[in-house]
Amino acid sequence: MACSTFLKLNAPSSSWISGHHSVNLSPGSAARFPTRRLSVIRAGSYTDELIKTAKSIASPGRGILAIDESNATCGKRLASIGLDNTETNRQAYRQLLLTTPGLGEYISGSILFEETLYQSTTDGKTFVDCLRDENIVPGIKVDKGLVPLPGSNDESWCQGLDGLASRSAEYYKQGARFAKWRTVVSIPCGPSALAVKEAAWGLARYAAISQDNGLVPIVEPEILLDGDHPIERTLEVAEKVWAEVFYYLAENNVTFEGILLKPSMVTPGAEHKEKASPDTIANYTLTMLRRRVPPAVPGIMFLSGGQSEVEATLNLNAMNQSPNPWHVSFSYARALQNTVLKKWQGRPENVQAAQIALLVRAKANSLANLGKYSAEGESEEAKKGMFVKGYTY
Ligand code: 13P
């Protein structure tokens with residue numbers, strides 16, 4: 001077959017690996033494989049900008065503040081402090097978070113829900129401008145949520161590819177520079193080969209479409225904490241999932257230098273009889289990442305997945321005790337917001353105390369990114385776990 005005479009790197013299309021798009025291998029290699037050629041992928045119009053954006057989000061001592069809860073999930077957060085799920089309350093909560101003075105010292109990006117991307121403070125300053133003033137890159141959740149996956153073992157798949165290109169172009173115009181798509185994999189449900197393939201393919205299509213529209217895609221196949229399995233089983237599933245994700249990212253010609261990952265940490269299932277120490281979690285998680293993630297990827301920004309604020313920070317700190325090939329940091333929602341909400345209670349007079357609580361968590365995780373965090377003096381509230389079975393976003 002004609003294409004067997006070419007060495008495929010990143011391009012699945014044989015039309016891209018012949019003629020003037022190809023380069024010869026070095027003379028030595030050419031002697032061994034006389035007719036083989038390396039493929040050259042055409043750079044997209046946003047490639048340089050994507051690489052710059054990803055690098056700036058993955059900058060030392062900083063991570064992502066995730067506040068992209070859908071209206072339904074934000075409603076649950078507000079209900080936990082006795083507030084109604086109205087647009088006014090959601091706006092007030094997001095205003096508290098996004099106007100925290102000095103936030104940009106520890107936070108490099110913030111993922112917003114669509115409603116928030118188009119909102120402003122009560123004084124009329126857009127939230128996008130609030131972020132830009134702190135040198136924080138605005139991001140946007142672009143998936144349309146999880147629905148049952150027919151033919152699977154009670155698993156789900158993530159919707160949102162229809163119309164994604166035009167939505168992404170609009171989000172870019174509004175100031176977003178990165179995107180997030182969260183799909184999930186359940187260990188107790190299998191996972192089935194079908195669910196893993198669907199998750200990986202969906203992430204790869206989303207990533208390619210995002211890059212084509214100037215948005216750095218955060219690639220997030222969340223391996224849920226649910227289950228009583230040991231840590232070894234999580235490692236096995238995580239390796240399988242990330243192998244497929246990278247296979248399809250390459251098939252879709254995604255530029256690895258212009259993506260960010262949002263993995264779950266490799267831990268035992270939430271109902272497993274033994275808890276793992278931060279050192280064990282760090283060891284398993286880094287082993288998995290080293291086996292699966294090319295160093296071309298600039299940043300690994302973990303989700304917290306229901307761990308307590310302190311656990312999530314300690315685990316991140318343990319992963320940064322020696323140099324890694326990528327920036328290893330955070331993109332937490334629950335593990336940055338829990339204490340903040342409790343301090344706020346929906347009262348204007350508590351806004352400042354709540355903002356200080358946010359800075360405390362952001363700084364703790366910034367130190368953890370630098371491998372310099374100590375849990376001494378942390379509050380009891382920050383040590384409480386937040387795991388909820390079947391959590392949606
Ligand atoms: P958690 O840190 O609460 O798990 O958030 C996950 C997420 O995807 C937020 O964008």
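Here is a short tour of the barrel, its helices, the ligand shell and one residue, Leu341. This is a predicted model, in which local features need pLDDT of at least 70, side-chain atom pairs count only at pLDDT 80 or more, and totals for chains, interfaces and linings use all residues. Residues are numbered from 1 along each chain as its sequence is written.

**The barrel**
- Eight strands close into a barrel with parallel pairing, in the order S3-S4-S5-S8-S9-S10-S11-S12. Strands (E, at least two residues) and helices (H or I, at least four) are DSSP runs, numbered from the N terminus, and two strands pair if DSSP finds at least two bridges between them.
- Strand S3 (residues 63-67) runs parallel to strand S12 (residues 327-332), and two bridges join them.
- In S12, Ser331 stands opposite Ile64.

**The ligand shell**
- The ligand is surrounded by 14 residues (C-beta atom, placed from the backbone, within 6 Å of it). The closest are Ala66, Leu303, Ser304, Ala333 and Arg334.
- S8 and helix H12 (334-344) are the elements that give two or more residues to this shell.

**A look at Leu341**
- Leu341 is found in helix H12.
- Leu341 is buried because 20 other C-beta atoms lie within 10 Å; the cut-offs are 20 or more for buried, 12 or fewer for exposed, and partly exposed in between, with C-beta atoms placed from the backbone.
- Leaving aside residues up to four places away in sequence, Leu341 touches Arg77, Ser80 and Ile81; contact requires C-beta atoms, placed from the backbone, within 7 Å.
- Val351 is 10 residues from Leu341 along the chain, and their C-alpha atoms are separated by 9.8 Å.

Conventions
Two residues are in contact if their C-beta atoms, placed from the backbone, lie within 7 Å.
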